[in-house]
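Please open the model in your viewer and keep the sequence panel beside it. The stops below say what to select next and what is there.

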Amino acid sequence: MWFIFTMISVLSWGAADLFYKKGTNPKDPYSHLRIVIMVGSVMGIHAIYTLLFTGIVYDPMNIIRYLPVSSMYILSMTIGYIGLRYLELSISSPIMNSSGAIASLLTFIFLGQVMTGIQFFAVALISVGIILLSIFEKKAADLDRIKHKEKVDRKYQIGALAIILPVLYALIDGLGTFADAFVLNKVMSEDQANTSYELTFLICAILAAFYLIVVKKQSFNLFEERTKGYAALFETVGQFFYVYAIAGNAIIVTPLISSYSIVSVILSRIFLKEKLSKGQYIVIAGIMVGIFILGFE
C-alpha cells in the first residue's frame, strides 16, 4: 500500500505545485504568508474533522512531540513559497528535490534501512531524471526569452538568493523527512503525526494572519485566494497519504516523492499551454520506468 499512497501524494503535490505557481503574485511581498494562511486553514479544518468525526483518540502532547518535524516541514515550505516570487522553478527545482536523496541517505546511515540493487538503480534513475528535466526546463526558458527578445528580470538572475533559498529548502526538508521516518517508527502512529502536523500548521496560519492583517495592515479576502485554496486542498491530500507512505518504506518513498515535479511539468503544459520537448518526453519516460520498478520490486 505504501506505493499507492506515494503515488497519490505525488499526483496531489504535483497539482498543488501548479496552483502555487499560478497563485503567486511576484509583486506581493506577502504572497508567501497568504499561502501559509490558506494551507494552514485547510489543514486545520481537516484536523478538526478528524478529531470530531473519525473517533481518533488524540493526545495533545503529540503536538509538542511532533514539533521538531512539523517546524522543519513548515519552515521549508515557507522558504519555498518565498522562492516562488524570486526564482525560476527550473533553477530551484533540482536543488529542492535533492531533499529526498538527503533523507534517504540519512535513513540509510542512522535507521539501518536498505535498498536492493534494482531499487538503488530506480532511485538513481528518478533523481538523474529530475535534474535533467530541470536542465531542459532552463534551456527552454532561455531560448524562449531569446526568441521573444525578453530581458531577464534582475530578481530572476542567479545570485546569492537564488542559491540560498533552494539549498535551505532541501536541507531543512531532508532533515524533516528523516526525522519523520524516525518519529513514525519509534514515537507515534501515522494518524497522530498527521493530526499534530495539521494543528501546528493551523497555529502558524493564525499567527501569519494576525501579522498580515493586524501588524502590516494588509487586506485579506478569502474569496480572492481561491487559486491558493486549490493548492492548499491538494497539499493537504498529499500530506495525508504521505505520512502513511513514509511509515511503510521511508528509504524508497523519500526520493520517489521527489518525482512529483514531473506531474507539475505535465500539468503546466496542459493548463498553461506550454509544450514539451523530445528530450523532456524521454526523461519523463525514464522517471516513469523508475517509478514502475519501485512499485513492483
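Buried is used here for a relative accessible area under 20%, exposed for over 50%, and partly exposed for what lies in between, with a 1.4 Å probe and protein chains only. This is a predicted model, in which local features need pLDDT of at least 70 and side-chain atom pairs count only at pLDDT 80 or more, whereas totals for chains, interfaces and linings use all residues. Residues are numbered from 1 along each chain as its sequence is written, and side-chain values use heavy atoms, with hydrogens and water left out.

**The whole chain**

Begin with a cartoon of the protein, which has 12 helices and zero strands; helices are DSSP runs of H or I with at least four residues, strands are runs of E with at least two, and both are numbered from the N terminus. Switch to a surface, and the accessible area is about 14,700 Å², 70% of it belonging to carbon and sulfur atoms, as calculated by the Shrake-Rupley method with a 1.4 Å probe, where for residues only the protein chains shown count as cover. Of the 297 residues, 50% count as buried. If contact is taken as heavy atoms within 4.5 Å, then residues 24 or more positions apart account for 91% of the contacts with a separation of 6 or more.

**The nonpolar core**

Next select Tyr20, Val39, Tyr66, Tyr197 and Phe201, the residues with the most contacts inside the largest nonpolar core, which has 64 residues. Such a core is a set of buried Ala, Val, Leu, Ile, Met, Phe, Trp, Tyr and Cys residues joined through side-chain atoms within 4.5 Å. Helix α10 (residues 226–257) provides the largest share of this core, 12 residues.

Stay with Phe201 and display its surroundings: leaving aside neighbours within four places in sequence, Phe201 is in contact with Val36, Val39, Gly40, Met43, Ile74 and Met77. Phe201 also belongs to one aromatic cluster with Trp13, Tyr73, Tyr197 and Tyr242.

From Tyr242, move to Ser9 in helix α1 (residues 2–23). Ser9 is buried, with a relative accessible area of 0%, and beyond neighbours within four places in sequence Ser9 is in contact with Gly238, Phe241, Tyr242 and Ile257.

**Aromatic pairs and a surface patch**

The whole structure holds 13 aromatic pairs; rings of Phe, Tyr and Trp (its six-membered ring) pair if their centres lie within 6.5 Å, and planes under 30 degrees apart count as stacked, over 60 as edge-to-face and the rest as tilted. Select Trp2 and Phe3, whose ring centres are 6.0 Å apart with planes at 90°, so this pair is edge-to-face. Phe3 is buried, at a relative accessible area of 19%.

Then select Tyr49 and Phe53, a tilted pair at 5.3 Å centre to centre with 35° between the planes. Both lie in helix α2 (residues 31–53), four residues apart, about one turn of the helix. Tyr49 is partly exposed at 48% relative accessible area, while Phe53 is exposed at 60%. Adding Ile48, Leu51 and Leu52 to these two completes a nonpolar surface patch with about 530 Å² of accessible area together; patch residues have over 30% relative accessible area and no salt bridge, with like charges joined within 9 Å and nonpolar side chains (Val, Leu, Ile, Met, Phe, Trp, Tyr) within 5 Å.

**Salt bridges**

How many salt bridges does a search of the whole structure find? There are four, a salt bridge being a side-chain nitrogen of Lys or Arg within 4 Å of a carboxyl oxygen of Asp or Glu. Centre the view on Arg34, which meets Asp28 at 2.7 Å, N to O, and Glu225 with the closest N and O atoms 3.8 Å apart. The second of these pairs links distant parts of the chain, with Arg34 in helix α2 and Glu225 in the loop between α9 and α10, 191 residues apart. Both Arg34 and Asp28 are buried, and both Arg34 and Glu225 are buried. Add Lys228 to the selection to show the network of salt bridges that links Asp28, Arg34, Glu225 and Lys228.

Now select Asp59 and Arg65, a salt bridge with the closest N and O atoms 3.0 Å apart. Asp59 is partly exposed at 32% relative accessibility, and Arg65 is partly exposed at 41%.

**A last stop in a loop**

Finish at Lys217, in the loop between α9 (190–215) and α10. Most residues other than glycine have a negative phi. Lys217 is not a glycine, yet has a positive phi of about 60°, and at 66% relative accessibility Lys217 counts as exposed.
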